[in-house]
Amino acid sequence: MASVQVTGSSFGTRSVPSFDGLHRSTVRFSSAVPTRVGISQRSYKGLVVKAATVVAPKYTSIKPLGDRVLVKIKTAEEKTGGGILLPTTAQTKPHSGEVVAIGEGRTVGKTKVDISIQTGAQVVYSKYAGTEVEFSGSNHLILKEDDIVGLLDTDDIKDLKPLNDRVLIKVAEAETKTAGGLLLTEAAKEKPSIGTVVAVGPGPLDEEGKRKPLTVATGNTVLYSKYAGNEFKGADGSDYITLRASDVMAVLS
């Protein structure tokens, strides 16, 4: 029986038994990288595939339900800052867009809570959130309000206004030398999990539908979970990360 070749970032070379009737056969999985299974977003980026659901032209509107919102996805940049055209494979998929419709909200305990985002708002959302749909010739995303990281009215992530329990952190620069004074190469520099809080959200809702203030504040230097959140590059080249307050492990002083 012929073997089937499948490649993926999380598979190594191994034999997996399968059965064709009563005859045992083997399906082989191969890859150029060692076997490693992880649970972080960074370890399976290459395996995430999203195909947009096409909405037929006979439907003229989409009305989100509950605490969901409809976002028109921002078009990917086709040129670099210097005006060089980017091939499709090199274009960074955007994680931002414009809210074009909202649901009626949700009930928390006995309290009816409206969606805090208005149509027309420019938002940034979590990388793997929602369901993508193609509607009226444009790509849209239907997602929960809680999957929206924050509001962004400019093109610079440092101006983000986090929502709910999200915080925006400016990542500290990686150490360039060892304790003994040796210069580190880019590949050898350990990615820091320390940064300064730039902005915080209003806090999550409690059982009565009221906001609970976050325990971290703007200006705090914090230690956060290494594999949490969504990473962004600022206009000045600085690294930023947005994550939930629960992913902040400690305040440093």
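## Two sheets and two nonpolar cores in a predicted model

Leaving aside neighbours within four places in sequence, serine 96 is in contact (heavy atoms within 4.5 Å) with Lys72, Ile73, Lys74, Val123, Val124 and Tyr125. This is a predicted model, in which local features need pLDDT of at least 70 and side-chain atom pairs count only at pLDDT 80 or more, while totals for chains, interfaces and linings use all residues. Residues are numbered from 1 along each chain as its sequence is written, and side-chain values use heavy atoms, with hydrogens and water left out.

Serine 96 belongs to strand 5 (residues 96–102); helices (H or I, at least four residues) and strands (E, at least two) are DSSP runs, numbered from the N terminus. With a relative accessibility of 17%, serine 96 counts as buried, a term for residues under 20% relative accessible area, as against exposed for those over 50% and partly exposed in between (1.4 Å probe, protein chains only). The C-alpha atom of serine 96 is separated by 9.0 Å from that of serine 126, although the two residues are 30 apart along the chain.

Strand 5 is part of an open sheet of eight strands, in the order 3-9-10-4-5-8-11-12, with mixed pairing; two strands pair if DSSP finds at least two bridges between them. Strand 3 (53–54) and strand 12 stand at the edges with a single partner strand each, so one side of each has no neighbour in the sheet. Within this order, strand 8 pairs with strand 11 (residues 148–151) in the antiparallel sense over three bridges. Tyrosine 125 has isoleucine 148 in strand 11 as its bridge partner.

Isoleucine 148 also appears in the largest nonpolar core, a set of buried Ala, Val, Leu, Ile, Met, Phe, Trp, Tyr and Cys residues joined through side-chain atoms within 4.5 Å. Of its 14 residues, Val71, Ile117, Val123, Leu143 and Ile148 touch the most other members. At least two residues of this core come from each of strand 4 (68–73), strand 8 (122–125) and strand 10, and strand 4 gives the largest share, three residues. Outside its neighbours within four places in sequence, isoleucine 117 is in contact with Val99, Ile102, Val123, Glu145, Ile148, Leu151 and Leu163. Another core, of 13 residues, lies apart from this one and includes Val167, Leu214, Ile241 and Ala245.

A second open sheet has six strands in the order 16-17-13-14-15-18, with antiparallel pairing. Its edge strands, strand 16 (230–233) and strand 18 (248–252), each pair on one side only. Neighbouring strands of this sheet are turned by 40 degrees against each other on average, direction ignored; the axes are lines fitted to C-alpha atoms, for helices over the stretch in contact, and angles run from 0 to 180 degrees between N-to-C directions. Strand 14 (residues 194–200) and strand 15 (residues 221–224) pair in the antiparallel sense over three bridges, and threonine 196 stands opposite threonine 221 in strand 15.

Two loop residues other than glycine have a positive phi, serine 136 and asparagine 164.

| Residue | Phi | Loop between | Relative accessibility |
|---|---|---|---|
| Serine 136 | near 55 degrees | strand 9 (131–135) and strand 10 (138–144) | 63%, exposed |
| Asparagine 164 | near 55 degrees | strand 12 (161–162) and strand 13 (166–171) | 10%, buried |

Serine 136 is thus exposed, whereas asparagine 164 is buried.
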